[in-house]
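The following exercises are to be worked with the sequence and the three-dimensional structure at hand. Each task is followed by a solution in steps.

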Amino acid sequence: MPLFRPKAPEKPKPTVVAEPPRTKAQETASATVGAALEPSFLGANVFSDDKLRQAAPGAFSALDQARKTGAPLSKETKDELARALMSWAVSRGAINYAHWFSPMRGTCAQKHDGFIDLDFSSPSVVKPMKKDFDGGQKHDGFIDLDFSSPSAVRPMKKDFDGGKLFMAETDGSSFPNGGMRQTHTAAAFNTWDTKSPPFVRGETCYIPSCFVAWNGMALDEKTPLLRSMRAVDEQGKRLLEHLGRKDVAEVRTYVGWEQEFFVISKEALNRRPDLLHCGRTVLGAPPARGQQTDGNYFGRIPNAVARYLEAVQKEMWLLGIPMVTYHNEVAPGQHELSPIFQVSNVAVDQNQVCMELMYDLAERHDLAVLFHEKPFAGINGNGKHNNWSVQGILASGGGSLNLMKTGANKEDQVRYTVATACLARGMKLYGDVVRCACIGAGNDHRLGAQEAPPAIMSLYPGVGMEAHLKAVAAGGPLEGYAGEDKNLAYGAAACQTVRVNAEDRNRTAPFPHCGNRFEFRAVGGMQNTAHPNTLINTVLADSFSAWSDLVEGGMSIRDATAAMLKDGMPAIFTGNGYGKDWPQVAVQERGLLNLHNTVTALDEFAKEKNKALFSKHGVFLPEEVEARSGVMFENYATLIKIEATTMIEMVNTGLIPACARDLKTYEGSKLGQKREELYLALQTACEDLEATSAGLPHDADEAAEAHYCADKIVPAMTACRKAADAAEGLIERSLYPFPTYADIIYGHH
């Protein structure tokens with residue numbers, strides 16, 4: 001029986017609601033009351049620093065020092081670390097291990113080989129919890145041959161050493177690489193990111209890893225992120241030293257992500273070729289009830305989805321991911337979840353784990369999860385808000401200095417003013433780089449569509465802070481803005497007065513300040529957050545460097561900050577980013593860039609000034625910038641071609657035959673007369689799309705091919721969709737070949 005088709009009445013049967021299969025994590029969590037909040041459960045499947053320190057104290061001490069200096073570890077130390085990891089992983093049920101990495105394709109990869117709140121009192125960089133997507137992978141077993149045996153056929157034995165932990169080789173030419181690898185020069189290597197802890201899922205121990213070519217060029221998203229974090233560390237310590245803080249051991253970037261997604265039935269997914277192939281619907285008329293009633297936001301979560309998210313939460317806690325929030329989002333069928341922030345490289349890994357986990361668990365629940373930036377036209381799409389902060393870690397172990405939060409004392413106010421001025425300069429001079437942090441065929445549907453920030457990159461520090469920065473630029477002192485939280489009274493005796501941020505919240509800004517951090521709101525739901533954080537880290541590091549250069553050249557701290565603002569003030573905007581006049585004001589009066597789609601943004605990425613930026617801070621070589629630009633152009637064109645092919649197939653094999661059958665119903669009747677005209681328009685639009693797609697210049701370079709897709713194929717797809725959606729509104733319901741928007745969005749409720 002096809003899904004959602006009418007069927008003959010039948011005798012009612014007793015309703016039996018099958019419970020989805022429970023995971024081991026759920027069984028453990030529900031064994032006793034409160035079991036999910038016990039330390040023995042929280043983070044049980046992640047090999048934290050605390051566990052490593054207990055298992056191999058000497059080796060851990062050497063590793064901890066190497067993390068800071070980059071000094072090589074001895075073979076003995078590596079072997080001891082490997083033995084400790086294998087012993088723990090086996091105790092958690094693992095028989096394989098996998099070097100888990102993130103190629104330049106948007107999803108993680110794995111090389112498998114056989115084998116709430118955060119506790120801020122912990123000395124670990126990755127804080128443990130306390131009570132209060134398909135990736136690149138190659139699985140290997142924790143075994144080897146026993147070469148000490150005299151037998152010609154060596155027996156197997158359990159084995160894992162430092163060589164296997166710290167290095168794995170694979171074929172770099174089979175991953176997106178922008179020409180950095182060829183079939184005859186293919187070698188590429190993984191190594192463990194020692195600041196991101198391994199974890200166990202199923203029978204595999206996953207080792208978060210970097211991935212570089214034989215020549216040292218990055219083939220992944222993680223390696224550039226770590227390089228950018230080093231740049232912020234170096235330039236951040238330099239800046240803080242000029243501000244009188246010589247007691248800072250490290251400057252770290254932190255990220256707290258908010259992941260939006262849709263949940264639909266697995267059956268609906270399987271009946272929609274566009275969702276299967278593209279992650280979004282390329283056809284589909286909006287339902288009568290969309291999001292116009294605002295009834296979904298923070299509403300009751302449907303039972304099937306609630307059970308699914310409860311399972312996701314338990315699994316994430318088991319993996320040490322402090323997921324504390326989930327709720328309905330604005331669009332029907334849409335939801336959001338978020339954990340507490342972590343140091344950037346770990347936060348990025350946790351987001352990738354979360355997406356993979358959600359895919360896997362959705363299948364167990366007969367559901368499907370959609371992270372695409374625009375699965376459905378006419379209702380909100382999915383973003384991934386990137387809450388980003390920079391903190392100086394004191395050498396004494398006595399706390400940290402948040403560069404993105406002001407305070408009551410002069411030191412905090414000066415530090416925050418300097419950091420904000422530097423960020424504003426970066427947004428103005430490298431707005432094109434920041435724009436490239438949120439590109440993508442999917443995100444082109446979101447940005448500037450009254451659901452996400454516009455494609456013009458600007459900074460919102462708050463109205464009060466903007467006034468303070470203007471005063472500094474005009475010659476005023478750096479101190480003076482305390483940003484003191486205010487009391488909010490509800491006007492009812494039953495309600496206590498609460499403390500709220502000094503500044504209001506601006507959802508139309510790409511980069512608003514949120515009390516103790518900046519939130520990069522333009523990141524797309526499908527993106528690997530390593531890429532956007534790499535770019536914004538590099539931009540900030542450059543401004544820190546430029547500020548220090550001025551101070552070291554004899555300029556006062558105040559005047560150096562004013563110089564940052566001379567460049568950066570045009571990028572500070574506290575108004576309505578959705579306003580009709582903002583694009584014109586931004587471009588013509590402020591000199592900001594309006595890079596309205598992916599290809600126009602990517603045209604800027606490999607400009608000489610940007611190559612110099614990345615090269616100066618050791619994030620990318622010029623050749624890596626060129627290669628990455630080519631990969632991003634190619635990824636865009638590939639996605640558009642898949643979408644166009646899918647649309648053509650759905651129209652030709654599904655919609656047009658349905659239109660023909662529908663017309664037969666009205667033969668000899670005066671009813672349905674406008675149908676033929678609309679259906680012929682659909683056929684013409686599809687033929688136009690076919691011809692346009694066939695005209696793609698296959699001998700062109702990646703940029704030219706991507707531009708053709710954006711300039712020719714996308715408009716042809718838009719015209720074809722308009723005709724298809726109009727036809728959907730007329731075709732007899734039982735003849736329409738695909739689940740409708742209403743079926744998909746509400747069918748599993």
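How far apart are the mean positions of the positive and negative charges of the chain? The model is a predicted one. The chain carries 79 positive and 90 negative charges, and their mean positions are 3 Å apart.

**Exercise 1. Describe the overall dimensions of the chain.**

Step 1. The secondary structure consists of 22 helices and 24 strands.

Step 2. For 749 residues, a compact globule would have a radius of gyration near 27 Å, and the chain agrees because its value is 27 Å.

Step 3. Along the principal axes, the C-alpha atoms fill a box of roughly 90 × 80 × 70 Å.

Step 4. Of the 749 residues, 57% count as buried. The exposed surface of the chain comes to about 31,200 Å², of which carbon and sulfur atoms supply 53%.

**Exercise 2. Determine how many disulfides the structure contains, and examine Cys514 and Cys720.**

Step 1. A disulfide is a covalent bond between the sulfur atoms of two cysteines. The cut-off applied is a sulfur pair within 2.5 Å.

Step 2. A search of the whole structure yields zero disulfides.

Step 3. For Cys514, the closest cysteine sulfur belongs to Cys438 and is 16 Å away, which is too far for a bond. Cys514 is buried, at a relative accessible area of 12%.

Step 4. Cys720 likewise takes part in no disulfide; its nearest cysteine sulfur, in Cys686, is 4.7 Å away. Cys720 counts as buried, since its relative accessibility is 0%.

**Exercise 3. Work out the strand pairing around S10 and identify its two faces.**

Step 1. Strand S9 (residues 168–171) pairs with S10 in the antiparallel sense over four bridges. Within this pairing, Ala168 has Asn190 of S10 as its bridge partner.

Step 2. S10 also pairs with strand S12 (residues 204–213), again in the antiparallel sense, over five bridges. Here Thr191 has Cys210 of S12 as its bridge partner.

Step 3. Strand S10 (residues 187–192) has a covered face formed by Ala188, Asn190 and Trp192, whereas Ala187, Phe189 and Thr191 form the uncovered face. Asn190, the partner of Ala168, thus belongs to the covered face, and Thr191, the partner of Cys210, to the uncovered one.

**Exercise 4. Locate residues with a positive phi and state their surroundings.**

Step 1. Most residues other than glycine have a negative phi.

Step 2. Asp294 has a positive phi, near 55°, although it is not a glycine. Asp294 lies in the loop between helix H8 (273–278) and helix H9 (303–318), and it counts as exposed at 58% relative accessibility.

Step 3. Phe298 lies in the loop between H8 and H9. Its phi is positive, near 60°, in a residue other than glycine, and at 55% relative accessibility Phe298 counts as exposed.

Step 4. A glycine example is Gly333, with a positive phi near 85° in the hairpin of S14 and S15, where five residues lie between the strands. Strands S14 (residues 323–328) and S15 (residues 334–339) run antiparallel and are joined by five bridges; the partner of Thr325 in S15 is Ser338.

**Exercise 5. Is Glu677 buried or exposed, and in which helix is it found?**

Step 1. Glu677 is found in helix H20 (residues 673–694).

Step 2. With a relative accessible area of 62%, Glu677 is exposed, because the cut-off for that class is over 50%.

Step 3. The C-alpha atoms of Glu677 and Ala727 are separated by 9.9 Å, the two residues being 50 residues apart along the chain.

Technical notes: Residues numbered from 1 in each chain as written. Predicted model: local features only at pLDDT ≥ 70, side-chain atom pairs only at ≥ 80, totals over all residues. Heavy atoms only, no water. Rg over C-alpha atoms; globule rule 2.2 N^0.38 Å. Buried < 20%, exposed > 50% of the residue type's maximum accessible area, 1.4 Å probe, protein only. Areas by Shrake-Rupley, 256 points an atom, 1.4 Å probe, with all protein chains shown as cover. Lys, Arg positive; Asp, Glu negative; His and termini not counted. Charge placed at Lys NZ, Arg CZ, Asp CG, Glu CD. Pairing = 2+ DSSP bridges.
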